[in-house]
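Work through the exercises below on the cysteine links of this predicted model. Each task comes with a stepwise solution.

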Amino acid sequence: MKNLRSFLGNPNGKMCLIIITALSVFIILSSIYSVNNIDENINPNSPMGNRPIPEARNRSHIEGAGFAFLALGAQANQMNCPAAIESLARFSGWNGDVYLITDQQYCFNPDEIVRHSGLPPEKFHYVVTDENFNQGGYDFEHPKIGFRMARVRSLNMKTKLFELINDPKIHTIAYVDCDILFTQPQCAQEFVSTGPSWEDFPIRFSHVFRNRQGELEDIHAGSFVIHREHSKQALKMWHDQIALGTDEGDNDAYMRVYQTFETDHRTENKAKFIELENNHEFCMQHIPKARCARYGRKKIQHYVDRFHLKTYAGGHMYCTSAFLRSFLYGWAPLGYLPFCPKMEQIL
């Protein structure tokens with residue numbers, strides 16, 4: 001309460017509150033339309049069923065490997081990063097190193113994450129970056145991604161994981177978006193340890209898309225495995241392309257680099273950007289904002305309830321209310337508030 005009074009007593013704090021209030025009204029009004037556009041006829045239950053997801057009976061890890069999750073900007077105002085970590089440990093049985101990287105230190109409780117996941121306390125690492133991804137803003141050209149350059153910098157953090165995780169004992173990192181839940185025992189271990197040689201495939205994406213001729217058309221940039229040495233060159237190229245800010249997303253930036261090598265016929269480097277599909281889509285269930293909007297909050301919750309996640313033990317739903325979903329695009333500078341509201345807990 002003292003921090004709140006101090007915040008409101010500061011002229012900058014009052015201005016920030018006015019801006020947040022104005023944006024909130026605009027966001028809520030613009031979101032009303034999306035509530036009425038949920039397709040209630042789509043049935044997501046066919047692969048989801050009703051049976052509880054069984055917890056892994058055994059837990060293990062891969063020496064020198066760790067999992068990394070990014071909770072930057074508005075992502076820190078959600079509960080799904082702790083939920084993803086909980087699913088990794090409880091349902092895939094991972095008890096190795098896990099890194100949660102954020103720019104909002106007060107938005108997470110490391111002890112609670114350890115307690116809910118069952119990870120060994122010494123294996124959970126809470127990494128706070130000095131960079132700020134909470135400036136807010138609206139981009140009329142890209143309305144669903146918030147302030148453009150903040151988004152670009154946030155995406156580029158994926159290519160800088162080895163700078164953020166400077167433990168020399170960790171030579172392999174599996175990056176996973178926070179809107180992913182692990183569903184199968186030992187599949188996380190398999191995801192980290194299997195795949196083609198690093199020399200030929202320095203970035204191992206969990207899923208790629210090819211046309212009928214077998215040519216790479218797109219990649220899923222939300223889950224991949226990288227190596228501290230073997231992935232260095234590919235990560236640098238990907239980083240530089242994202243930094244230009246000319247691509248819609250990190251997958252588009254990757255394909256731009258890949259297409260450049262295709263066009264230039266530089267076959268000695270081309271192999272570095274041909275990724276093998278590892279078919280781990282059944283290991284990790286992707287539940288992005290778009291899927292929440294498409295199926296509806298209640299239908300997604302029907303599936304998530306099968307996990308009995310301790311992260312949501314308070315009865316909160318996995319998907320953010322459609323009235324608040326636009327906050328997740330980073331329009332409002334929530335990071336300037338003296339507390340950390342979680343969108344799932346509001347409505």
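**Exercise 1.** Find the handedness of the link of Cys107 and Cys340, then place both residues.

*Solution.*
- Step 1: Check the bond. The sulfur atoms of Cys107 and Cys340 are 2.0 Å apart, and they form a disulfide.
- Step 2: Read the torsion. It is 100° about the S-S bond, and the link is right-handed.
- Step 3: Place the ends. Cys107 lies in the loop between β2 (97–102) and α5 (110–117), and Cys340 in the loop between α13 (297–304) and α14 (343–346), so the pair ties together parts 233 residues apart in sequence.
- Step 4: Classify exposure. Buried means under 20% relative accessible area. Cys107 has 9%, so Cys107 is buried. Cys340 has 19% and is therefore buried.

**Exercise 2.** Repeat the analysis for Cys81 and Cys178.

*Solution.*
- Step 1: The S to S distance is 2.0 Å, and a disulfide joins Cys81 to Cys178.
- Step 2: The torsion about the S-S bond is 95°, a right-handed link.
- Step 3: Cys81 sits in helix α4 (residues 80–90) and Cys178 in the loop between β4 (172–176) and β5 (180–182), so the pair connects parts 97 residues apart in sequence.
- Step 4: Cys81 and Cys178 are both buried.

**Exercise 3.** Is the link of Cys292 and Cys319 left-handed or right-handed?

*Solution.*
- Step 1: Cys292 and Cys319 form a disulfide with sulfur atoms 2.0 Å apart.
- Step 2: The torsion about the S-S bond is -70°, and the link is left-handed.
- Step 3: Both residues, Cys292 and Cys319, are buried.

**Exercise 4.** State how many disulfides the structure holds and give the pairing.

*Solution.*
- Step 1: The structure holds 4 disulfides.
- Step 2: With the bonded cysteines of the protein chain numbered in sequence order, the pairing reads 1-3, 2-8, 4-5, 6-7.

Terms used
Residues are numbered from 1 along each chain as its sequence is written. This is a predicted model: local features need pLDDT of at least 70, side-chain atom pairs count only at pLDDT 80 or more; totals for chains, interfaces and linings use all residues. Side-chain values use heavy atoms; hydrogens and water are left out. A disulfide is a pair of cysteine sulfur atoms within 2.5 Å. Helices (H or I, at least four residues) and strands (E, at least two) are DSSP runs, numbered from the N terminus. Buried means under 20% relative accessible area, exposed over 50%, partly exposed in between (1.4 Å probe, protein chains only).
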